[in-house]
Amino acid sequence: MRPRLEIHEANHDAGGSEALVGRLRAGDELTFRNLLRRHHSRMVSVAMAFVANRATAEEVVQETWLAVIEGLPALEEPRALRSWIYSILLNKARRRGARESRIRVFSDFAEADDAEPTTDPDLFTGRGSWAAPVAAWNELDPERVVSGRQLWKHVQAVIDGLPGRQRAVLLLCDMEQSSGSEAARLLGVSEANQRVLLHRARLAVRQAIDGLLHGNGDPQCDPPRAEKIFSEPVTVTIGSDE
Amino acid sequence: MLFCRHVAQRGSDYLGRTLPWPARLGFALHLSMCRNCRRFLQQIRQTTRLLANVPSATVPPTLEDALVAAFNRHAAPSRLPRAQ
């Protein structure tokens, strides 16, 4: 019988990581399962920015987990567990991407990103003020959002549709709680470029949520009422094992 | 002069406290007078809080079991009882 996933309070501090690594080194299977469930799908999404397709990304992530298992005893900085896992992942993803002779590598996107405007110029008047009022998100109480399956699906679809570089930065910074400098180092981009990529990704998700709450003219996205968005309860993993 | 467009472009830098202090001061002054920009930044904050709680997708069960088996094989020596 598959063990229930434990729900832990958000604990991204280094002390949590040290205890976690201690449990892993002691062979605590449930701790490993939690770690796997917490990070696996996001690691696949990040790897996809470097390799040709999802199947290859999944292979890279599997190889990463095996390397993590093997390397745990020798991990010198237990406090940096998550960063270490992603370092392994990104090294493997880059090498696999290079072997597959992908023409576009992550760093090639930097200049193109810098040249594009961060925000949609149509949102503003010629003077630089908002062209239309910014509508409030009164329904978006974070506790109610936790039970909104429709919102999660919509947000996940937007994340999946982001350009690979933006998705990777968003996943690392806003979902895996890496610092900007850590994400920039892991991804091999400048911190300035990391900030631009992150902001663009956040804007895309914000726009999608805004569209879901207020409608954006898309016939598949009529302005839903808040109770419809939050009508389906869903089990949520809150926080991290780290 | 700081316009709403500038706030929208650098909103994450303001929230992440990576703006130099003169720019932060300009932002704070603008935000004190502009409800639209206050709402916009609040929505960026809410977006990041939501993202922090997006559920992870399920790991394929056969893959999870295979990786757990590998973990258990590797961990087996650490579980052996100490010799008396």
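**Reading confidence and the contact between chains A and B**

Chain A averages a pLDDT (the predictor's confidence in each residue, from 0 to 100) of 78, and 70% of its residues score at least 70. This is a predicted model, in which local features need pLDDT of at least 70, side-chain atom pairs count only at pLDDT 80 or more, and totals for chains, interfaces and linings use all residues. Residues are numbered from 1 along each chain as its sequence is written, with chains lettered from A in the order in which they are written.

Me: Where in chain A is confidence lowest, and where highest?
Reply: Helices are DSSP runs of H or I, at least four residues, numbered from the N terminus. Helix α11 (residues 226-229) of chain A is lowest, with a mean of 37, and α3(A) is highest, at 96. Over residues 217-242 of chain A, pLDDT stays under 50.

Me: How many residues does each chain give to the contact?
Reply: Two residues are in contact if their C-beta atoms, placed from the backbone, lie within 7 Å. Chain A gives 52 residues and chain B gives 40 residues. On the side of chain A that touches chain B, α2(A) has the largest share, nine residues.

Me: At what angle do α8(A) and α3(B) cross?
Reply: Axes are lines fitted to C-alpha atoms, for helices over the stretch in contact, and angles run from 0 to 180 degrees between N-to-C directions. The axes of α8(A) and α3 (residues 35-52) of chain B come within 8 Å and cross at roughly 85°. The two helices are therefore roughly perpendicular (65 to 115 degrees) to each other.

Me: Which residues of α8(A) and α3(B) meet?
Reply: Leu170(A), Asp174(A) and Met175(A) meet Thr48(B), Leu51(B) and Ala52(B).

Definitions and conventions. Angles under 35 degrees count as roughly parallel, over 145 as roughly antiparallel, 65 to 115 as roughly perpendicular and the rest as oblique.
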